[in-house]
Amino acid sequence: MEELPSITVSQREQFLVENDVFRMYSYFDTSDIATQKFMAEIQRDKQLDYLMSGLRLLGPSFSSLDANRPWLCYWILHSIALLGETVDDELENNTIDFLGRCQGSDGGYGGGPGQLPHLATSYAAVNTLVTLGGDTAFSSINREQMACFLRRMKDTNGGFRMHNMGEIDVRACYTAISIASILNIVDDELTRGLGDYILSCQTYEGGIGGEPGSEAHGGYTYCGLATMILINEVDRLNLDSLMNWVVHRQGVEMGFQGRTNKLVDGCYTFWQAAPCVLLQRFFSSQDLVPHGSSHMSQGTDVNHEEHAHDEHDPDDSDEDDSDEDSDEDSGNGHQVDHTSTYINRRIQPVFDSLGLQRYVLLCSKVDDGGFRDKLRKPRDFYHTCYCLSGLSVAQHAWSKDEDTPPLTRDILGGYANHLEPVHLLHNVVMDQYNEAIEFFHRAA
């Protein structure tokens, strides 16, 4: 008798993850309303306690991240900003002072004081200072030396190196152009040949790899797409193929995977959802239909309310949405009239935004604060940052632009879970981005 083939390691791991996720969903769905409300709540106080403790003091186990200290500042401070909070003057000044000591004399920021300037930590440092806001933070960035540093990292093939004699990849391209865009130092030298390099990294699957010939990956796809939008060359990409690849990275767990046949991971809540919204808004602005996507699982805005109830939102009730002409949350000071003008500012997401929020809040959120990759994994500041960032993207996914607030039914758990909107190309909170852009345009 022929022996049945055994399952692969990947199949076994996928089965175990699905089992954990569906067991959690089943428990949530069969729980009483009070339990559901608690489980779906973002737990702001616990999130802030976790984040603030990390900003003040990190234990010896974090020594392996010594070359990533600006990243720790960004992950934590951006998460705090997403929650609508700020730090006190002492922490703000200490952060500005620390990052100033990470800034190289010839431009760029290293992973710590005296370390080699690196595009990744430069991006983290700039985004941190933008998040803090104010003239002191902005003025601490040496724009002229940063421009020189970016030019030194520019390669003849059109891409950028991460550091002196470092690797050339899409991540370097994005961090360089993101920095240059915010600081208002973009020029022809920085953008020359860059679109050609990004284009060479788009794969047969439709997504974008880290370098030519590499596998399509969620993080690199975000970086490549954002770069092409920032340099006004996005229409050179195969956008239908890209859309098709990215929407199909949302799996049965409702979270996103980073690559084909990989496990779901909470951090891709941002890396994959942001490209979905960027592409959707681009198609909408051009009056185009995305032919590559067949994953629009939420239906129209008319029956979105019914879908929200299907997701067992404990804050939803018949009374909440009984008035078809308005959607109000008086406790948060939000009131939106369902006029035809407002409806025209809404757009159907190409991914399941409520399903994604469900995965993040039930499977990535940790009861004591912080977020993680998936169930059974530990929390960390990286996943906390990108789970919250992606949660914000999902909450605002029905809006055609950053100025249109979400309705209560767009947010799993209701407006108690509302997060600040992010600028999709830089992943900083919109208010802080606008303040920085105004400052650096005056400085030019």
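What follows is a chat about a predicted model of one protein chain.

Reader: Let's start broad. What does the secondary structure come to?

Author: The chain comes to 19 helices and six strands. Keep in mind that this is a predicted model.

Reader: And how much of the chain do buried residues make up?

Author: Buried residues make up 57% of the 444 residues. The chain exposes about 19,100 Å², with carbon and sulfur atoms supplying 48% of that area.

Reader: What share of the contacts with a separation of 6 or more comes from residues 24 or more positions apart?

Author: That share is 71%.

Reader: OK, rings. How many aromatic pairs does the structure hold?

Author: There are 21 aromatic pairs. One of them is Phe62 with Phe381, a tilted pair at 5.9 Å centre to centre and 35° between the planes. Phe62 sits in the loop between α3 (44-56) and α4 (69-82), while Phe381 belongs to helix α18 (residues 381-395), so the pair links distant parts of the chain, 319 residues apart.

Reader: Is Phe381 buried or exposed?

Author: Phe381 is buried, because its relative accessible area is 5% and the cut-off for buried is under 20%. Its partner Phe62 has a relative accessible area of 28%, which makes Phe62 partly exposed.

Reader: Which other tilted pair can you show me, and what's its distance centre to centre?

Author: Try Phe138 and Phe439: they are tilted too, at 5.1 Å centre to centre with 45° between the planes. This pair also links distant parts of the chain, with Phe138 in helix α7 (residues 135-139) and Phe439 in helix α19 (residues 430-443), 301 residues apart. Both Phe138 and Phe439 are buried.

Reader: Which residues form the aromatic cluster?

Author: One aromatic cluster is formed by Trp71, Tyr74, Trp75, Tyr123, Tyr174, Tyr222, Phe270, Trp271, Tyr382 and Tyr386.

Reader: Which residue lies over the face of Tyr25?

Author: That's Arg358, at 4.5 Å from the ring centre.

Reader: Switching to polar stuff. Where does Gln202 lie?

Author: Gln202 is in the loop between α11 (194-199) and α12 (218-230). With a relative accessible area of 16%, Gln202 counts as buried.

Reader: What lies by a polar atom of its side chain, I mean Gln202's?

Author: The backbone oxygen of Gly206 is 2.9 Å from a polar atom of the Gln202 side chain, and the backbone oxygen of Asn238 is 3.0 Å from one. Leaving aside neighbours within four places in sequence, Gln202 is in contact with Gly207, Ile208, Leu237, Asn238 and Leu242.

Reader: Leu242, noted. What else is Leu242 in contact with?

Author: Leu279, for one. Leaving aside neighbours within four places in sequence, Leu279 is also in contact with Leu225, Leu239, Met243 and Val246. Leu279 is placed in helix α14 (residues 268-285) and is buried at a relative accessible area of 1%. Its C-alpha is separated by 9.2 Å from that of Asp240, 39 residues apart along the chain.

Reader: And Thr227, which helix does it lie in?

Author: Thr227 lies in helix α12. Thr227 is buried, with a relative accessible area of 0%. Beyond neighbours within four places in sequence, Thr227 is in contact with Cys173, Tyr174, Ile177, Leu194 and Ile198. Take Leu194: the C-alpha atoms of Thr227 and Leu194 are 8.7 Å apart, with their positions 33 residues apart in sequence.

Reader: Cysteines next. How many disulfides does the structure hold?

Author: Zero. Cys387, for instance, is in no disulfide, and its nearest cysteine sulfur, that of Cys267, is 7.4 Å away. The cut-off for a disulfide is within 2.5 Å, so that distance rules one out.

Reader: Is Cys387 buried or exposed?

Author: Cys387 is buried, at 0% relative accessibility. Cys148, on the other hand, is partly exposed at 33%.

Reader: Last thing, backbone. Which residue other than glycine has a positive phi near 60°?

Author: Gln43 does. Gln43 is found in the loop between α2 (33-40) and α3, and is buried with a relative accessible area of 12%. Met254 has a positive phi as well, near 80°, and is found in the loop between α13 (239-247) and α14.

Technical notes: Residues are numbered from 1 along each chain as its sequence is written. This is a predicted model: local features need pLDDT of at least 70, side-chain atom pairs count only at pLDDT 80 or more; totals for chains, interfaces and linings use all residues. Side-chain values use heavy atoms; hydrogens and water are left out. Rings of Phe, Tyr and Trp (its six-membered ring) pair if their centres lie within 6.5 Å; planes under 30 degrees apart count as stacked, over 60 as edge-to-face and the rest as tilted. Helices (H or I, at least four residues) and strands (E, at least two) are DSSP runs, numbered from the N terminus. Buried means under 20% relative accessible area, exposed over 50%, partly exposed in between (1.4 Å probe, protein chains only). A charge sits over a ring if NZ of Lys or CZ of Arg is within 6 Å of the ring centre and within 35 degrees of the ring normal. A polar contact is a pair of N or O atoms within 3.5 Å; within protein, one must be able to donate a hydrogen and the other to accept it, and residues adjacent in sequence count only if both atoms are side-chain atoms. Contact means heavy atoms within 4.5 Å. Accessible areas come from the Shrake-Rupley method with a 1.4 Å probe; for residues, only the protein chains shown count as cover.
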